[in-house]
Amino acid sequence: MVKEKAQILDKEGIRRSLTRIAHEIIERNKGTDNLILVGIRRRGVPLAERLAERIKDIEGGRVPVGILDITLYRDDLTTLAYQPLVRSTEIPFPVSGKTVVLVDDVIFTGRTIRAALDALIDLGRPRVIQLAVLVDRGHRELPIRADYVGKNVPTSRKEEVSVRLKEIDGEERVLILA
């Protein structure tokens with residue numbers, strides 16, 4: 001049975017983390033010219049939308065947001081399901097020559113991000129790809145790191161980090177489950 005071990009971010013903690021990440025993205029890229037955000041399905045999408053709103057509040061202009069489905073790029077596809085559920089990728093603008101910020105909720109082994117990089121490169125050749133995550137829990141299996149992190153949370157491999165967002169889960173918090 002999975003039980004709640006600790007709450008590591010509440011609604012305000014999530015809001016503050018995203019605001020800080022938005023400022024860091026703007027600062028590192030010297031503004032928002034040629035910047036696009038791409039949320040990885042599932043929880044990366046609302047996080048990317050929220051980051052776009054924060055960036056708009058700070059800079060005044062809306063940054064385009066795309067949605068990336070990585071299902072067919074996963075290296076564990078055969079272990080997921082006999083008929084995996086594939087959703088659409090919705091990136092209605094060119095990625096070539098752009099600064100792309102991939103957005104996801106949690107980075108763990110790095111395999112999801114590797115799949116996202118493969119999917120994104122199939123759409124074009126971005127000038128640079130950066131990674132923003134709400135939680136970095138460690139335990140990388142690939143040489144991948146996030147450029148922007150809301151919170152670093154050391155965990156054991158037995159634990160799970162559960163990001164719950166109002167758009168999907170009806171609540172706002174980040175938990176460690178054991």
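Which residue is the bridge partner of Gly39 in β4? I looked this up in what is a predicted model, and found that Gly39 pairs with Val103. The two strands concerned, β2 (residues 35-40) and β4 (residues 99-107), run parallel and are joined by five bridges.

I then followed the sheet outward and noted that it is open, with five strands in the order β3-β2-β4-β5-β6 and parallel pairing. The edges are taken by β3 (65-68) and β6, each of which has a single partner strand, so one side of each is left without a neighbour in the sheet. Ignoring direction, I read an average turn of 25° between neighbouring strands of this sheet.

Next I turned to the helices on the sheet. I found α1 packed on it, touching β2, β4, β5 (128-136) and β6, with a direction that makes about 150° with that of β6. I found α2 lying across β2, β3, β4 and β5, where it runs at about 155° to β2.

For the helix pair itself, I noted that the axes of α1 (residues 11-28) and α2 (residues 44-59) come within 9 Å and cross at roughly 60°, and the two helices are therefore oblique to each other. The crossing is right-handed. On the α1 side I listed contact residues including Ile14, Leu18 and Ile25, and on the α2 side Leu47, Leu51 and Ile58 are among them. I recorded the residues of this contact as ten nonpolar, two polar and four charged.

Last, I checked Glu159, which is found in the loop between β6 (148-152) and β7 (160-164). Its relative accessibility is 11%, so Glu159 counts as buried. Leaving out residues up to four places away in sequence, I found Glu159 touching Lys5, Arg137, Ile176 and Leu177.

Methods. Residues numbered from 1 in each chain as written. Predicted model: local features only at pLDDT ≥ 70, side-chain atom pairs only at ≥ 80, totals over all residues. Heavy atoms only, no water. Axes fitted to C-alpha atoms, helices over the stretch in contact; angles between N-to-C directions. Helix = DSSP H or I, 4+ residues; strand = E, 2+ residues; numbered from the N terminus. Parallel < 35°, antiparallel > 145°, perpendicular 65-115°, else oblique. Left-handed = near helix turned anticlockwise from the far one by under 90°. Contact = heavy atoms within 4.5 Å. Nonpolar A, V, L, I, M, F, W, Y, C, P; charged D, E, K, R; others polar. Buried < 20%, exposed > 50% of the residue type's maximum accessible area, 1.4 Å probe, protein only. Pairing = 2+ DSSP bridges.
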